[in-house]
Structure formats: structure tokens, C-alpha cells
Amino acid sequence: MPRLNRAPRSRILVVDNSMFFRDVLAETLRTQVKALAIDSVKSRQEACQLLQEHKGHYLAVISGLMLEDAAECEMLAIALEEQVPAIALTSSLDAETRQKVMDKDVIDYFFKDQDGLQDVVSLVTRLLRNEQHKILVVDDSPTYCTYLKVLLQRQHYQVISAFTGEEAVDMLSRSNDISLVLLDYQLPGMSGYDVIRRIRKQFTSAQLPVIGVSGQMDQQIPAQILKCGANDFMYKGFTVEEFYSRINNMMDLLISVRELQDAAYKDFLTGLHNRQYFYPHANTLIKQSDEEHISMGLAMMDIDHFKNVNDTYGHNAGDEALKVVADQLKEHIRSEDLLARLGGEEFCVIFSDMTPDQMRQRLETIRQSIENTDIPLSEQNISVTISMGLCIRQSEDLETLMENADQALYQAKASGRNQLVQH
Ligand SMILES: Nc1nc2c(ncn2[C@@H]2O[C@H](COP(=O)(O)OP(=O)(O)OP(=O)(O)O)[C@@H](O)[C@H]2O)c(=O)[nH]1
């Protein structure tokens with residue numbers, strides 16, 4: 001997931017002349033979106049003061065259409081001028097008012113009722129989430145790219161653009177943090193169809209969704225784009241509401257798939273990868289190590305006398321110990337190495353591109369840090385130790401590597417525990 005390179009926007013400004021509605025909305029946001037500070041005021045004047053005071057820190061302004069000291073929809077326009085996305089609140093919405101609201105480039109509008117409240121909370125949660133996602137816009141028209149970029153940035157997405165298919169394919173091959181591609185099918189050089197086919201060789205539709213876009217109202221185009229592997233399609237004449245709905249629906253789907261994958265591949269207690277994740281990825285690393293002549297080592301690690309921890313302090317204390325050990329492992333093992341809890345109190349790590357000395361030093365640091373870390377229990381603090389068996393790979397397959405590391409671990413246990421033995 002891409003890292004933010006700026007401070008996250010951490011405030012929401014609610015502006016409405018109904019104190020009751022304002023309070024209910026502010027309280028709902030405070031309890032359901034804990035990461036945000038909520039400011040709630042009744043007038044344009046107070047809102048403007050806060051916008052200046054916390055310039056650059058508002059994620060959105062949520063405003064009623066009518067305020068005592070402002071013309072209809074004026075607060076929405078002010079938010080836009082301040083480059084803060086605006087969300088409109090209304091009691092009723094006829095076609096004329098809807099148009100006035102949409103003309104202020106709001107990101108959405110909601111009714112002032114129970115459903116509306118929940119919809120606002122969902123949108124705010126989504127805006128926070130969007131900051132973590134990067135969208136690639138591919139279109140040969142710089143004007144159109146800029147238009148899409150502005151719409152997406154208003155929803156706090158990170159946006160990058162490419163003007164040709166070749167450029168898009170190159171960007172995708174170099175970065176692994178793009179969440180969605182918006183692709184014009186008509187491009188100079190490599191066509192949109194070819195771009196989608198290339199993308200699908202590298203990513204499944206669940207890994208990297210593509211929304212095809214066309215300026216031509218030809219009915220054949222959507223079918224062809226979808227058949228090539230795009231997840232969705234829209235004509236360029238879309239309304240802003242349609243655009244946001246399609247993008248957000250696709251992102252919701254992507255995130256649900258990622259959450260399911262995470263749940264399937266992560267150990268619930270420690271947050272480390274589990275066996276299901278470990279084995280295929282370990283085999284990939286071995287293949288890569290052979291092809292690219294990268295050094296590799298595998299270590300099995302096992303908490304000492306763990307049964308005693310459970311028997312003496314209880315199963316919950318045992319769980320706490322597992323979490324503390326896992327946290328130490330996470331802290332000292334690089335993200336490019338493969339770390340997993342294989343089951344019970346047994347962990348495994350595969351180091352790549354490190355010398356045997358560096359692997360031993362890293363494991364020794366982990367051993368010492370675990371020995372010296374307190375596990376806070378309700379009555380007292382305890383600590384545990386860990387034994388380790390390391391096998392530096394020559395040409396062994398995964399099974400043999402693990403057996404060798406296990407034998408070394410067995411020796412570490414037999415020689416008094418709390419130590420590292422190399423096979
Ligand atoms: N609390 C807790 N205990 C677990 C979990 N998974 C396995 N265990 C316990 O881990 C203990 C493992 O004990 P043993 O395999 O006998 O080994 P040990 O006591 O660590 O002894 P040595 O490995 O020889 O140092 C058993 O008591 C299991 O019940 C878990 O998720 N939580």
C-alpha cells in the first residue's frame with residue numbers, strides 16, 4: 001500500500017443552522033470515525049475562521065445549503081475556493097436545487113435523515129481510505145487527464161497519469177502501489193485493448209481493476225473492452241455522480257477482496273503471515289534465488305518452555321507472549337524477507353540477499369531483544385526466550401531446507417535453549 005508523503009487531513013468541519021442535526025452528525029462522526037477531529041459550527045463566519053485556522057487540515061466540509069449569514073449554497077462554494085471537498089446536506093432536493101448543488105462541484109449530497117447520517121459517515125470513512133490509494137489515469141488528452149485528476153483528487157485519491165499505452169505499461173511494471181487504472185481505449189500507438197491485455201498478463205482483475213473509458217458512443221466498444229479484461233466501462237459523457245459511483249464501487253470491491261485475502265493469509269493472533277501464505281511464497285523465493293543467484297537462508301524459531309507459560313500463567317498470557325515475540329520479529333526482520341508463524345509457538349523466516357554473517361547477527365539481535373522484552377501481564381511482567389536453527393541454502397529444496405533448520409533448532413533446544421545453532 002502506498003505511503004502518504006504529507007500529513008493526513010485530520011479534521012472535518014460541519015456547518016449547519018440546526019443545532020440538533022449538527023450535534024447528532026458531529027457525535028456520530030466522533031464515535032464512528034475516531035481518527036478525525038470534528039468541528040461543528042452554525043454560521044459561515046465561524047466556518048471561515050476555522051478554515052483559515054486549520055488551513056490544509058480539513059478532509060471535508062459538510063454543510064447545509066441555507067445558513068443565517070450566507071446565500072444559498074454559498075458555504076459549498078467557499079469550501080471549494082479553499083480547496084476542501086464539500087458535502088452538501090439538504091432536507092429536500094428538487095431538480096433545480098440538485099443542479100445548484102452539483103454546480104458547486106460538491107463530492108456528494110445527502111438528506112438530513114437517519115440514512116443520510118450513515119451515508120455521510122460512509123463517505124467520510126471512504127475519503128480517509130482514498131488517501132492511501134493511487135489511481136493511474138491513461139488518456140492522450142492532457143486536458144482530459146487533468147479533468148479526471150481534479151475529480152479524483154477532490155475525493156482525496158492520489159493520481160498519476162500516462163499519455164500513451166506504452167507509458168502506462170512501463171509505469172505499471174515499475175510500481176506495485178497502483179490500485180486502479182482508468183483507461184481511454186483510443187490511444188496513439190499501443191491501443192487501449194492491448195494495454196488491458198498486457199495488464200492482465202501481470203495482474204488479475206481482482207488485483208488491479210481497470211475501468212475502460214471511451215469518447216465514442218459506439219456500442220461495440222464497451223463489449224470489446226470488457227471482453228479484453230476491463231472490470232467496468234463508461235462513456236466520457238458521464239455525470240460526476242456516475243463517475244464517482246463507478247470509481248467508488250470498484251474501490252469497495254477491491255478493498256473487500258484485499259481484506260478477504262488478508263484474512264486467508266494472515267495469522268489472526270499475531271498478524272504475521274500464516275502457513276498458507278508461507279509455502280508458495282517460499283518456493284517463489286527459492287526459484288528467484290536460483291535464477292538470480294541470490295543468497296538465501298532459512299531459520300526455524302521456537303519459544304522455549306512455552307507450555308510452562310500456558311500452564312503457569314494461563315492461555316491468555318501465552319497468547320500475549322506470542323504477540324510480543326511476533327512484534328519483536330516484525331521489528332527486526334526486513335519487509336523483503338519472508339516471515340511467518342507456522343503454527344503453535346513456531347516461527348520461520350527466509351532471508352534473501354544477505355551474507356551468512358548478517359543472517360546470524362540478525363538472529364542474534366532478535367534472540368537478545370526477545371529475552372530482554374517484558375511481556376506485561378495483569379499481575380506481573382514475564383519474559384520468554386527463543387531457540388533458533390539456521391540453514392544457509394546451497395541448492396536444497398524447501399522441504400530439505402526446513403528439515404535442516406529443524407535439526408539445528410533441535411540441537412539448540414538440546415544444548416540448553418535460548419541460542420542459535422547453524423546446520
Ligand atoms: N497460548 C497459546 N498456546 C499455544 C498456542 N498454540 C500452541 N500453544 C501451546 O504451545 C505449547 C507448546 O509446547 P511444547 O511443544 O510442549 O513445547 P515447549 O513447552 O515450548 O517446550 P520446548 O519447545 O521444548 O522448549 C503447548 O502447550 C500448546 O498448547 C496458541 O495459539 N496460544
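This passage walks through a predicted model of one protein chain, from its overall make-up down to a few single residues.

The model is a prediction, so local features need pLDDT of at least 70 and side-chain atom pairs count only at pLDDT 80 or more, while totals for chains, interfaces and linings use all residues. Residues are numbered from 1 along each chain as its sequence is written, and side-chain values use heavy atoms, with hydrogens and water left out.

To start with the whole chain, there are 15 helices and 17 strands. Helices (H or I, at least four residues) and strands (E, at least two) are DSSP runs, numbered from the N terminus. Along the principal axes, the C-alpha atoms fill a box of roughly 80 × 60 × 30 Å. Of the 423 residues, 49% count as buried; buried means under 20% relative accessible area, exposed over 50%, and partly exposed in between, with a 1.4 Å probe and protein chains only. Contact here means heavy atoms within 4.5 Å. Among contacts between residues at least 6 apart in sequence, 67% join residues at least 24 apart.

Helix α13 covers residues 315–332, 18 residues in total. From its first C-alpha to its last it reaches 26 Å, close to the 26 Å expected at 1.5 Å a residue (the expected span is 1.5 Å times one less than the number of residues). The buried residues of α13 include A317, G318, A321 and L322, and those four also turn up in its meeting with another helix, α12. Helix α12 spans residues 306–313, and the axes of α12 and α13 come within 6 Å and cross at roughly 140°. Axes are lines fitted to C-alpha atoms, for helices over the stretch in contact, and angles run from 0 to 180 degrees between N-to-C directions. That crossing makes α12 oblique to α13, given that angles under 35 degrees count as roughly parallel, over 145 as roughly antiparallel, 65 to 115 as roughly perpendicular and the rest as oblique. On the α12 side the contact is made by F306, V309, N310 and Y313, and on the α13 side by H315, A317, G318, A321 and L322. By class, the contact has six nonpolar, three polar and no charged residues. For these classes, Ala, Val, Leu, Ile, Met, Phe, Trp, Tyr, Cys and Pro count as nonpolar, Asp, Glu, Lys and Arg as charged, and the others, Gly among them, as polar.

A second helix pair is formed by α5 (residues 114–130) and α10 (residues 240–265), whose axes come within 12 Å and cross at roughly 70°. That makes α5 roughly perpendicular to α10. Here R126, R129 and N130 in α5 meet N248, M251, D252 and I255 in α10. By class, this contact has two nonpolar, two polar and three charged residues.

On to single residues, K413 sits in helix α15 (residues 398–414). K413 counts as buried because its relative accessibility is 17%. The side chain of K413 reaches the backbone oxygen of I303 at 3.1 Å, and a polar contact of 3.0 Å joins the side chains of K413 and D304. A polar contact is a pair of N or O atoms within 3.5 Å; within protein, one must be able to donate a hydrogen and the other to accept it, and residues adjacent in sequence count only if both atoms are side-chain atoms. With neighbours within four places in sequence set aside, K413 is in contact with D302, I303, D304 and S387.

L420 lies in strand β17 (residues 420–422) and counts as partly exposed, at 22% relative accessibility. The C-alpha atoms of L420 and I386 are 34 residues apart along the chain and separated by 8.8 Å. Leaving aside neighbours within four places in sequence, L420 is in contact with R360, L363, R367, M388 and L390.

D108, in strand β5, is partly exposed with a relative accessible area of 24%. Not counting residues up to four places away in sequence, D108 touches A86, I87, A88 and L123. D108 and I286 are 178 residues apart in sequence and 50 Å apart in space, C-alpha to C-alpha.

Finally, two loop residues have a positive phi without being glycine. C73 has a phi near 70° and is found in the loop between β3 (58–64) and α3 (74–81); C73 is buried, with a relative accessible area of 1%. D105 has a phi of about 55° and lies in the loop between α4 (95–103) and β5 (108–111). At 32% relative accessibility, D105 counts as partly exposed.
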